[in-house]
Amino acid sequence: MRKAMCNGEDTGLFYPFGNGDIRSPSTDDGSSPEIILEKPFVYFGQVYQKTYVNNNGHLTFDGPLSQPTPSYLQTQFNRDIIAPLWTDMDNTISGTISYRQVTSGGLLLAASNNINQYFPNLNFNASWLFIATWDKVPYYNNLQSASTFQVVLVSGKNMSFTLMHYGPITPITYRFMSGYDTSDSTDSFFIPVSDITKLSNTSNVNVTGRWVFRVHHSSDNNGKDYTFTKPSKCV
């Protein structure tokens with residue numbers, strides 16, 4: 001079981017990944033097969049029973065998405081999408097894209113504690129997690145690159161949340177987008193960085209490299225406050 005490491009010590013940022021995960025196919029612009037969710041996930045009023053882990057750094061619900069990068073000046077995507085880092089990734093030679101679902105054990109308690117810390121007074125209890133991780137995945141036509149990031153879906157009763165975690169991110173010249181959108185773009189948020197490497201040094205919950213969003217309904221607090229921190233020396 002893998003976790004993010006800093007100088008040989010667990011940073012506590014990433015949720016567990018590695019052993020026990022299901023691996024997505026090593027295909028350029030590919031996707032996982034349809035994943036049936038063990039519990040429904042409510043996303044801004046829509047109830048989803050399935051998802052797709054797309055190799056280019058995002059989750060979709062109505063089918064896979066192979067588009068390598070967001071279109072130039074594209075601000076509306078006309079579909080429900082959760083994108084920790086949408087850009088032209090390529091896992092055909094190296095890097096691992098994997099996912100797991102969690103319905104029992106101590107990780108549910110840890111997720112509950114995280115959510116209750118960031119959203120006080122909800123008395124939230126997680127009953128299901130979906131964890132997708134891009135581990136040292138290079139960009140297309142750039143095998144020297146290697147970026148690591150993760151998205152976690154958390155649900156319990158009628159409430160849903162998304163966590164985005166960022167480890168080392170390699171600079172690129174491609175377009176990229178980090179955030180989420182809905183089919184009519186009534187609910188959306190894009191992490192406000194122009195330098196992709198800054199994702200590892202920003203947060204809206206004062207935890208470097210972590211962004212957390214409440215996604216079962218509109219939230220005026222989503223992403224409003226964010227911080228930049230000094231770059232970590234961890235690799």
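The legends below go with close-up views of a predicted model of a protein.

**Figure 1. The whole protein has one helix and 16 strands.** Let us start with the full chain before we zoom in. Of the 235 residues in the protein, 54% are buried. About 10,900 Å² of the protein is exposed, and carbon and sulfur atoms supply 48% of that area. Among the contacts with a separation of 6 or more, 63% are between residues 24 or more positions apart.

**Figure 2. Six strands form an open sheet.** Follow the strands across the view in the order β3-β8-β9-β10-β11-β15, and note that the pairing is antiparallel. Strands of a sheet pair through backbone hydrogen bonds, either parallel or antiparallel. Which strands stand at the edges? They are β3 (22-23) and β15, each with a single partner strand, so one side of each has no neighbour in the sheet. Inside the order, seven bridges join β8 to β9. Look for Thr96, which stands opposite Asp135 in β9.

**Figure 3. Helix α1 lies across five strands of the view.** The helix covers residues 106-118 and lies across β8, β9, β10, β11 and β15. How does α1 run relative to β9? The helix runs at about 90 degrees to that strand.

**Figure 4. Strand β15 is mostly covered.** This strand spans residues 210-214, and five of its five residues are buried. Its side chains point in two directions: Arg210, Val212 and Arg214 point one way, while Trp211 and Phe213 point the other way. Buried or exposed, what are these residues? All are buried, whichever way they point from β15. Five bridges join β15 to strand β11 (residues 159-166), and the two run antiparallel. To find one of the bridge partners, look for Thr162, whose partner in β15 is Phe213.

**Figure 5. Aromatic rings meet in pairs and in a cluster.** The structure holds 18 aromatic pairs. A pair of aromatic rings is described by the distance of the centres and the angle of the planes. Tyr43 and Phe61 form a tilted pair, with 5.6 Å centre to centre and 35 degrees between the planes. Tyr43 sits in strand β4 (residues 35-43) and Phe61 in the loop between β6 (58-60) and β7, so this pair links parts of the chain that are 18 residues apart. Both Tyr43 and Phe61 are buried. They also belong to one aromatic cluster, whose other members include Phe41, Tyr99, Trp128 and Trp211.

**Figure 6. Trp134 and Phe149 form a stacked pair.** Their rings are 4.9 Å apart, centre to centre, with 15 degrees between the planes. Trp134 lies in strand β9 (residues 128-139) and Phe149 in strand β10 (residues 142-156), so the pair ties together parts that are 15 residues apart in sequence. Trp134 has a relative accessible area of 0% and is buried. Phe149 is buried too, with a relative accessible area of 0%.

**Figure 7. Thr87 is a buried loop residue.** You can find Thr87 in the loop between β7 (81-86) and β8 (96-102). Why does Thr87 count as buried? Its relative accessibility is 0%, and buried means under 20%. The side chain of Thr87 reaches the backbone oxygen of Arg175 at 2.8 Å. Thr87 also touches other residues, including Asn56, Pro68, Tyr139 and Phe176. The C-alpha atoms of Thr87 and Gly57 are separated by 6.5 Å, although these residues are 30 residues apart along the chain.

**Figure 8. Ser178 reaches a backbone oxygen from strand β12.** Strand β12 covers residues 177-181. At 3% relative accessibility, Ser178 counts as buried. Which atom does its side chain reach? The side chain of Ser178 reaches the backbone oxygen of Pro84 at 2.7 Å. Among the contacts of Ser178 are Ala83, Leu85, Tyr166 and Phe189.

**Figure 9. Thr170 reaches a backbone nitrogen from a loop.** Look for Thr170 in the loop between β11 and β12. Its side chain reaches the backbone nitrogen of Ala146 at 3.0 Å. Thr170 also touches Tyr139, Ser145, Ser147, Ile196 and Thr197. Thr148 is 22 residues away along the chain, and its C-alpha atom is separated from that of Thr170 by 8.9 Å.

Note on methods. Residues numbered from 1 in each chain as written. Predicted model: local features only at pLDDT ≥ 70, side-chain atom pairs only at ≥ 80, totals over all residues. Heavy atoms only, no water. Helix = DSSP H or I, 4+ residues; strand = E, 2+ residues; numbered from the N terminus. Buried < 20%, exposed > 50% of the residue type's maximum accessible area, 1.4 Å probe, protein only. Contact = heavy atoms within 4.5 Å. Areas by Shrake-Rupley, 256 points an atom, 1.4 Å probe, with all protein chains shown as cover. Polar contact = N/O pair within 3.5 Å; in protein donor to acceptor, adjacent residues only side chain to side chain. Phe/Tyr/Trp six-rings, centres within 6.5 Å; stacked < 30°, edge-to-face > 60°. Pairing = 2+ DSSP bridges. Axes fitted to C-alpha atoms, helices over the stretch in contact; angles between N-to-C directions. Lists of a residue's contacts leave out its neighbours within four places in sequence.
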